[in-house]
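Colleague: Could you take me through one part of this model in close detail? I would like to see how a single strand sits among its surroundings.

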Amino acid sequence: MKLVWSPETASKAYIDTVKSCEIFQESGVAELVSAMAAGWNAKFIVETWSHGGPIATSIGLAVASRHAGARHVCIVPDEGSRSEYVAALSDAGVSAEVIVAGDAAEEAMEGLAGVDFLVVDCRKKDFARVLRVAELSQRGAVLVCKNATSKNASGFRWRSVVDGSRRLVRSVFLPVGNGLDIAHVGAIGGGAVESSGPAKGEGRRWIKHVDQQSGEEYVIRK
């Protein structure tokens, strides 16, 4: 079984996230990530978060988990972060499981098998290690790095964190918020992520562009 895109579910999650996050003056990251998680029909959503961080994306993931019938887990570093996170989601009328991991978020990830939608923050020094140790679902996964324009993300390449037994179907950088770096990882066996959108070869193609000043890679669908 592979990930299959559902535009209808994505649209519902997007609209509900807009309503849930209308009090936040942010850039649309929450709505986009929520639509992606629900649209790919994720069944196990994991994110990392810490005290003082923007909460809208977390609310969006909780909304997506409700639409997709998914388990939603957030890994936080301490009890203060846990309390703040739980209270913020409760105020928005949503909830999620929370794991307090201290300074070892990557160790907490090792105990979570079958992740098919993972969101990490590039401002955290351990974001690449968290991606590397994640036990992804056999049906494939979508990996999201938010705040991807941060200095910690410079030089980051998806090939460095995706297991050699997996196929990196595609990756894309989106200039939304402080940058979203997104990768689709294929199902066990090398299959590509399925979509109900235009089939391969129907006139659309992916073009890679490297910014000569920043060194960042952009992949644009034409």
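Modeller: Happy to; what follows starts at one strand and works outward to the cores, two cysteines and two buried side chains. Please keep in mind that this is a predicted model.

Let's begin with strand β1, residues 44–48. Five of its five residues are buried, so β1 is largely enclosed by the rest of the structure. In a regular strand the side chains alternate between the two faces of the sheet. In β1, Phe44, Val46 and Thr48 point one way, while Ile45 and Glu47 point the other way. The buried set therefore includes Glu47 and Thr48 along with Phe44, Ile45 and Val46.

Now for the strands that pair with β1. Strand β2, residues 71–76, runs parallel to β1 and is joined to it by five bridges. Within that pairing, Val46 has Val73 of β2 as its bridge partner. The two strands also belong to a right-handed β-α-β unit, with helix α3 (residues 56–68) as the helical part. Strand β5, residues 117–121, pairs with β1 as well, again in the parallel sense, through three bridges. Here Glu47 has Val119 of β5 as its bridge partner.

From the strand we can step into the nonpolar interior. The largest nonpolar core has 32 residues, and Val46 is among those with the most contacts inside it, together with Met109, Leu118, Phe127, Leu131 and Trp158. At least two residues of this core come from each of β1, β2, α5 (105–109), β5, α6 (127–133), β7 (141–146), β8 (168–174) and β9 (180–185). Helix α6 gives the most, with four residues. Met109 is a good place to look around: leaving aside neighbours within four places in sequence, it is in contact with Val46, Ile75, Val115, Leu118, Val130, Val133 and Ala134. Apart from this core lies another, of 21 residues, among them Trp40, Ile45, Val144 and Ile182. Val46 thus belongs to the largest core, whereas Ile45 belongs to the other one, and these two residues point opposite ways from β1.

Next, the cysteines. The sulfur of Cys122 has its closest cysteine sulfur in Cys145, at 4.1 Å, which is too far for a bond because a disulfide calls for sulfur atoms within 2.5 Å. Cys145 is accordingly in no disulfide, and the disulfide count comes to zero. Both residues are buried: Cys122 has 1% relative accessibility and Cys145 has a relative accessible area of 0%.

Two further residues are worth a visit. Arg166 is found in the loop between β7 and β8, and with a relative accessible area of 11% it counts as buried, because the cut-off is under 20%. A polar atom of its side chain lies 2.8 Å from the backbone oxygen of Ser137, and one lies 3.2 Å from the backbone oxygen of Gly186. Not counting residues up to four places away in sequence, Arg166 touches Leu136, Ser137, Gln138, Gly140, Val185, Gly186, Ala187 and Ile188.

Finally, back to helix α3, where Thr57 lies. Thr57 is buried, with a relative accessible area of 5%. Beyond residues up to four places away in sequence, Thr57 touches Val29, Ala30, Val33 and Lys146. That brings us round to our starting point, as α3 is the helix of the β-α-β unit that β1 and β2 complete.

Methods. Residues are numbered from 1 along each chain as its sequence is written. This is a predicted model: local features need pLDDT of at least 70, side-chain atom pairs count only at pLDDT 80 or more; totals for chains, interfaces and linings use all residues. Side-chain values use heavy atoms; hydrogens and water are left out. Buried means under 20% relative accessible area, exposed over 50%, partly exposed in between (1.4 Å probe, protein chains only). Two strands pair if DSSP finds at least two bridges between them. A crossover is right-handed if, with the strands pointing away from the viewer, the path from the first strand over the helix to the second runs clockwise. A nonpolar core is a set of buried Ala, Val, Leu, Ile, Met, Phe, Trp, Tyr and Cys residues joined through side-chain atoms within 4.5 Å. Contact means heavy atoms within 4.5 Å. A polar contact is a pair of N or O atoms within 3.5 Å; within protein, one must be able to donate a hydrogen and the other to accept it, and residues adjacent in sequence count only if both atoms are side-chain atoms.
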